[in-house]
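Q: I'm new to this structure and would like a close look at its salt bridges and the strands around them. Could you walk me through that part slowly, and then show me how it fits into the rest?

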Amino acid sequence: MKKIAFALITSAVALGAASVQAQELKPYVGVGVVSSEHKYNAANDTSSGDRKSTEWGGKIFGGVQLDKTWGVEAGYTDFGKSRYAYSVGPNSGAIESDSKSFYLAGKGSFPVGQQLALTGKLGVAHNKNDVKATGLAVAYNGDSSRNALYAAVGAEYAFTDKVSGVLEYEHYGKNDNEQGRRKGGVSLGVKASF
């Protein structure tokens, strides 16, 4: 029975691979800038400063368009570093965050016109958040990583057959240490197809 099941699974995978190879695969790569909100919540913080900031980072991504509608994409996003100085009574200190994420997602493209398409992605993100703190906030120190649901909605505008502009809102999910980067970000980029 195990041999029959193995043979059926192997045949299904081989047929699936052959049908994918028969289609015209369209690989692509891209780069972009990412704007994300960073926020700090130090316990008993009496600072009058702003605990939120908008930080800029970068993104690289690549994928394969399997057909006109469906594809697979992977990417790396660096959300940039942010720093917050706080005070608790007469004591002061700082918290610094450096966040990054890797993601792998399925992608759907839905044409709205000849050059414009709406896009959606769903997959998994591996989030990493390195936090360095001084003073009374040293308990937040540490490197943490966490897998989370990744989802994105956006649009692509084709400048040519090979070059497109990409605008997306991307939800990367939580970090283990919630000091610094929030869950999502807006990215603006360009991609080149081969």
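**Salt bridges and their surroundings**

A: Let's begin with one pair: Glu 168 and Lys 121 form a salt bridge, with their closest N and O atoms 3.0 Å apart. The two residues come from distant parts of the chain, since Glu 168 sits in strand β7 and Lys 121 in strand β5 (residues 116-133), 47 residues apart. Please keep in mind that this is a predicted model. Are these two partners buried or exposed? Both Glu 168 and Lys 121 are buried. Salt bridges with shared partners join this pair to others, giving one network of Lys 59, Glu 73, Lys 107, Lys 121, Glu 156, Glu 168, Glu 170 and Lys 191.

In general, side chains of opposite charge can pair when their charged atoms come close. The structure has 10 salt bridges, and another one worth finding on your screen is between the side chains of Lys 59 and Glu 170, at 2.6 Å from N to O. This pair also links distant parts of the chain: Lys 59 belongs to strand β2 (residues 52-65) and Glu 170 to strand β7 (residues 163-171), with their positions 111 residues apart in the numbering. Lys 59 and Glu 170 are both buried.

Since β7 has come up twice, let's look at its neighbour. Strand β6 (residues 142-158) is joined to β7 by eight bridges, and the two strands run antiparallel. Together, β6 and β7 make a hairpin, with four residues between them. Which residue of β7 is the bridge partner of Ala 158? That partner is Ser 164.

Now move to a salt bridge with another setting, the one between Asp 130 and Lys 128, where the closest N and O atoms are 3.4 Å apart. Seen as a polar contact, the side chains of Lys 128 and Asp 130 meet at 3.4 Å. Lys 128 is part of strand β5. Why does Lys 128 count as partly exposed? Its relative accessibility is 32%, and partly exposed covers the range between under 20% and over 50%, so Lys 128 falls in that class.

Who surrounds Lys 128? Setting aside neighbours within four places in sequence, Lys 128 is in contact with Asp 98, Ser 99, Lys 100, Asp 143, Ser 144, Ser 145 and Asn 175. You can also check its position against Asp 78: the two are 50 residues apart in sequence, and their C-alpha atoms are 9.7 Å apart in space.

One of the contacts of Lys 128 is Asp 98, a residue of strand β4. Asp 98 counts as buried because its relative accessibility is 15%, and the limit for buried is under 20%. The side chain of Asp 98 makes a polar contact with the side chain of Lys 100, at 3.0 Å. Not counting residues up to four places away in sequence, Asp 98 touches Asp 78, Gly 80, Lys 81, Lys 128, Asn 129 and Asp 130. Both members of the Lys 128 and Asp 130 pair are therefore among the residues that Asp 98 touches.

Further along, Ser 109 lies in strand β4 as well. Ser 109 is buried because its relative accessible area is 8%. Leaving out residues up to four places away in sequence, Ser 109 touches Gln 65, Lys 68, Thr 69, Leu 118 and Thr 119.

Leu 118 brings us to the surface: it belongs to a nonpolar surface patch of about 1000 Å², made with Val 31, Ile 60, Trp 70, Phe 110, Val 112, Leu 116, Tyr 157, Phe 159, Val 163 and Val 190. Val 112 is placed in the loop between β4 (91-111) and β5. With a relative accessibility of 54%, Val 112 counts as exposed.

Finally, here is how it all fits together. The protein contains one helix and eight strands, which follow one another in the pattern α-β-β-β-β-β-β-β-β along the sequence. It has 194 residues, and 38% of them count as buried. Among contacts with a separation of 6 or more, 61% are between residues 24 or more positions apart. The accessible surface of the protein is about 10900 Å², and 64% of that belongs to carbon and sulfur atoms.

Conventions. Residues numbered from 1 in each chain as written. Predicted model: local features only at pLDDT ≥ 70, side-chain atom pairs only at ≥ 80, totals over all residues. Heavy atoms only, no water. Salt bridge = Lys/Arg side-chain N within 4 Å of Asp/Glu carboxyl O. Buried < 20%, exposed > 50% of the residue type's maximum accessible area, 1.4 Å probe, protein only. Pairing = 2+ DSSP bridges. Contact = heavy atoms within 4.5 Å. Polar contact = N/O pair within 3.5 Å; in protein donor to acceptor, adjacent residues only side chain to side chain. Patch = residues over 30% accessible without salt bridge, like charges linked within 9 Å, V, L, I, M, F, W, Y side chains within 5 Å. Areas by Shrake-Rupley, 256 points an atom, 1.4 Å probe, with all protein chains shown as cover.
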